[in-house]
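Biologist: I am new to this model and would like to be led slowly through one part of it, and then through whatever you think belongs beside it. Please explain each term when you first use it.

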Amino acid sequence: KSIGYDRDEFLLMRIDEINPADRSKIVSEKHRELMELGRNTIETVHVCKDGSEIPVEVNARVIEFGGRKAVLCFARDISERKQAQLIREQFFDAMEQMDAGFVIWDPEGKFVFCNNYFRELQGTAAKYLEPGLAFEDFIRKIAASGNIAIPAGEEARWIEERIRNFQ
């Protein structure tokens, strides 16, 4: 129904009637893989009755039906997922264009992302910026790196202050 055909219309259709012509080669290749492996999942596009297109994820499996091989497919509309991916890509691209350091830590204090400007500001400590790195661990690595002039004997206070300010 989401592509505009009623049940009876849809059951009479061939796969090439809901896949755009420019995707037929890819669909044919994936169909061969499906027949070899017995199951497959692909992302493609379905053409709606009104001519519009929607991105879908198709999970297919070879089954036996009435004593013959058949293919059972489930197609899921992934428009929202594709839109979210696009927004995420645009966000990260915009952060890379900033002339300022930008970093994201998750609610548990784990590193998620930083732009190149922020990474460059960290000097040799930038090599530790990997997803999942705890903020506290990163601050300790910065303190130990020598990139920041911390008065002798003040390292522990400097680290505690940054952790307190982060929380």
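Which residue in β3 is the bridge partner of E64?

Modeller: The bridge partner of E64 in β3 is K69. Please keep in mind that this is a predicted model, in which local features need pLDDT of at least 70 and side-chain atom pairs count only at pLDDT 80 or more, while totals for chains, interfaces and linings use all residues. Residues are numbered from 1 along each chain as its sequence is written, and side-chain values use heavy atoms, with hydrogens and water left out.

The pair E64 and K69 belongs to a ladder in which β2 and β3 run antiparallel over 10 bridges (strands pair if DSSP finds at least two bridges between them; strands, E, of at least two residues, and helices, H or I, of at least four, are DSSP runs numbered from the N terminus). Together, β2 and β3 make a hairpin that leaves 2 residues between the strands, and G66, which sits in that turn, has a positive phi of about 65°.

A second hairpin can be set beside this one, for β4, which spans residues 103-105, pairs in the antiparallel sense with β5, residues 111-114, over 3 bridges. Within that pairing, I104 stands opposite F113 of β5. Here 5 residues lie between the strands, and G109 takes a positive phi near 80°.

G109 itself is found in the loop between β4 and β5, and it counts as buried because its relative accessibility is 6% (buried is under 20% relative accessible area, exposed over 50%, and partly exposed in between, with a 1.4 Å probe and protein chains only). Leaving aside neighbours within four places in sequence, G109 is in contact (heavy atoms within 4.5 Å) with L133, A134, F135 and F166. The C-alpha atoms of G109 and D137, which are 28 residues apart along the chain, are separated by 9.9 Å.

In strand β4 itself you will find W105, which counts as buried because its relative accessibility is 16%. Beyond its neighbours within four places in sequence, W105 is in contact with K110, F111, V112, L133, A134, F135, F138 and F166. By contrast, R7 is 98 residues from W105 in sequence, and the two C-alpha atoms are 48 Å apart in space.

Two of the contacts of W105, F135 and F138, lead us to helix α5, residues 135-145, in which F135, F138, I139, I142 and A143 are buried. These buried residues lie on the same side of α5, because they cover an arc of only 140° around the axis (taken from the directions from the helix axis to the C-beta atoms). An α-helix has 3.6 residues a turn, so residues three or four places apart point the same way. The elements against which the buried residues of α5 pack are β4, α4 (116-121) and α6 (155-166). Just after α5, G146 takes a positive phi of about 85°.

From helix α6, R162 reaches this region as well, since it touches F135 and I139, not counting residues up to four places away in sequence. R162 is described as partly exposed because its relative accessible area is 28%. R162 and A126, which are 36 residues apart in sequence, are 17 Å apart in space, C-alpha to C-alpha.
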